[in-house]
Amino acid sequence: MSHGQKRQYCDFQGESQAPKEEQGQMNSDLSVAEGEESNNNDSSDSTSPALPRKIPDGGIPDSPQSPQRALSPPTVMASIPISPSDEASGNQRGELVLYHALSAKVADLVQFLLLKYRLKELTNKAEIIENIIGDAEQHYNRIFNEASEGLKLVFGIDVIEMDPVIHTYAFVIALEITYDGMLTNVQGMPKTGLLITVLGVICMYGNRVSENVIWRALNMMGVTPIENHYIAGNAKKLFTEKFVQEGYLEYFPVPDSDPPCCEFLWGPRAHAETRSVAVSEFLAQVSRII
């Protein structure tokens with residue numbers, strides 16, 4: 001990464017950039033966790049367990065992570081299902097420490113890939129290792145796969161491998177949709193994930209759905225019509241005006257409704273660019289992690 005790109009990356013992360021002490025502690029956590037796993041595993045199998053996707057019944061626990069990391073995909077923020085007992089095995093403690101350390105790497109990689117998408121730049125495995133993975137290179141596949149999935153499910157951006165030899169990656173909008181909702185190439189957040197979610201909800205309700213149902217679904221993702229959202233911005237305006245103007249949604253008052261209400265339908269551009277089956281499959285993936 002050039003000096004100018006590094007500066008842009010720091011600006012992109014803003015005040016949420018982790019201090020050097022935190023990065024050092026993260027690398028230390030990785031070493032400690034790997035050591036504890038090694039000491040407590042009698043098996044010779046060195047395959048790392050997959051990052052868990054189930055959020056505990058009590059919800060996502062508070063953690064001393066930076067504000068930007070707190071905005072990361074559910075797969076990044078999920079907590080490993082470990083017994084709260086003080087007598088938990090050393091293997092469980094080591095796995096928990098490793099999980100949190102790798103989750104921080106996943107969150108950082110999501111932000112790095114977002115920046116590359118916004119700048120319309122390719123990236124590759126060597127650059128990712130140099131700038132994000134660092135000493136955790138042995139966990140590269142685990143970190144990269146989680147970050148790629150989070151980028152797709154939250155922001156609607158697919159990571160495509162262009163060169164399987166040097167592992168060069170490009171970024172495209174999911175489901176062949178051509179508009180990502182960003183104001184410019186380098187401002188705002190991709191909003192395709194939110195659009196696909198709404199299109200999926202419309203499919204679930206027979207191709208037309210009341211506005212109240214849409215907001216209930218979006219509220220589960222932390223999006224409301226009365227507050228600015230870190231991805232959607234002014235969500236009310238985004239869904240009832242911008243996506244309508246772009247042809248992805250249709251928004252009509254329901255005749256003779258009491259109290260008055262409106263409903264959403266797929267717009268002509270949505271019908272032209274994607275299919276209900278593809279959108280439903282996307283929504284099923286999201287449902288498995290939230």
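## The E2–E3 hairpin

Asp 163 stands opposite Thr 168 in strand E3. This pair belongs to a predicted model. Strand E3 covers residues 168–173, and its neighbour E2 covers residues 157–163. Six bridges join E2 to E3, and the two strands run antiparallel. Another pair is Val 159 and Phe 171, with Phe 171 as the bridge partner in E3.

E2 and E3 form a hairpin, with four residues between them. His 167 sits in the turn and has a positive phi of about 60°.

## The sheet around the hairpin

The hairpin strands are part of an open sheet of three strands. Its order is E1-E3-E2, and the pairing is antiparallel. Which strands form the edges? They are E1 (123–124) and E2 (157–163), and each pairs on one side only. Strands of a sheet pair through backbone hydrogen bonds, either parallel or antiparallel.

## Helix H6

Helix H6 spans residues 125–133. At its start, a side-chain oxygen of Asn 124 reaches to within 3.1 Å of the backbone nitrogen of Ala 126. Just after H6, Gly 134 takes a positive phi of about 60°.

Which residues of H6 are buried? They are Glu 127, Ile 128, Ile 129, Ile 132 and Ile 133. An α-helix has 3.6 residues a turn, so residues three or four places apart point the same way.

## H6 against H7

Two packed helices are described by the angle between their axes and the distance between the axes. H6 and helix H7 (residues 140–155) pack at an angle of about 95°. Their axes are 12 Å apart. Angles of 65 to 115 degrees count as roughly perpendicular, so H6 is roughly perpendicular to H7.

H6 brings Lys 125, Ile 128, Ile 129 and Ile 133 to the contact. H7 brings Tyr 140, Ile 143 and Phe 144. By class, this contact has six nonpolar residues, no polar ones and one charged residue. Ile 128, Ile 129 and Ile 133 also appear among the buried residues of H6.

## H7 against H8

H7 also meets helix H8, residues 192–204. Here the axes come within 5 Å and cross at roughly 60°. That angle makes H7 oblique to H8.

Leu 153, Val 154 and Phe 155 of H7 make the contact with Thr 192, Gly 193 and Leu 194 of H8. What is the make-up of this contact by class? Four residues are nonpolar, two are polar and none is charged.

## The E4-E8-E7 sheet

Another open sheet has three strands in the order E4-E8-E7. Its pairing is antiparallel. The edge strands are E4 (208–210) and E7 (249–253), and each pairs on one side only. The twist averages 25° from one strand to the next.

Five bridges join E7 to strand E8, residues 262–266. These two strands run antiparallel. Glu 250 stands opposite Leu 265 in E8.

## Helices across the sheet

Which strands does helix H9 lie across? H9 (residues 211–219) lies across E4, E7 and E8, running at about 80° to E4. Helix H10 (residues 235–245) lies across E7 and E8. H10 runs at about 110° to E7.

## Glu 263 in strand E8

Glu 263 has its place in strand E8. Is this residue buried or exposed? Its relative accessible area is 13%. Buried means under 20%, so Glu 263 counts as buried.

The side chain of Glu 263 makes a polar contact with the side chain of Arg 208, at 2.5 Å. Leaving out residues up to four places away in sequence, Glu 263 touches Arg 208, Val 209, Ser 210 and Glu 211. Glu 263 also touches Glu 250, Tyr 251, Phe 252 and Val 254.

## The chain overall

How many helices and strands does the chain have? There are 12 helices and eight strands. The chain has 290 residues, and 46% of them count as buried.

Contacts also link distant parts of the sequence. Among contacts between residues at least 6 apart in sequence, 62% join residues at least 24 apart.

Note on methods: Residues are numbered from 1 along each chain as its sequence is written. This is a predicted model: local features need pLDDT of at least 70, side-chain atom pairs count only at pLDDT 80 or more; totals for chains, interfaces and linings use all residues. Side-chain values use heavy atoms; hydrogens and water are left out. Axes are lines fitted to C-alpha atoms, for helices over the stretch in contact, and angles run from 0 to 180 degrees between N-to-C directions. Angles under 35 degrees count as roughly parallel, over 145 as roughly antiparallel, 65 to 115 as roughly perpendicular and the rest as oblique. Contact means heavy atoms within 4.5 Å. Ala, Val, Leu, Ile, Met, Phe, Trp, Tyr, Cys and Pro count as nonpolar, Asp, Glu, Lys and Arg as charged, and the others, Gly among them, as polar. Two strands pair if DSSP finds at least two bridges between them. Buried means under 20% relative accessible area, exposed over 50%, partly exposed in between (1.4 Å probe, protein chains only). A polar contact is a pair of N or O atoms within 3.5 Å; within protein, one must be able to donate a hydrogen and the other to accept it, and residues adjacent in sequence count only if both atoms are side-chain atoms.
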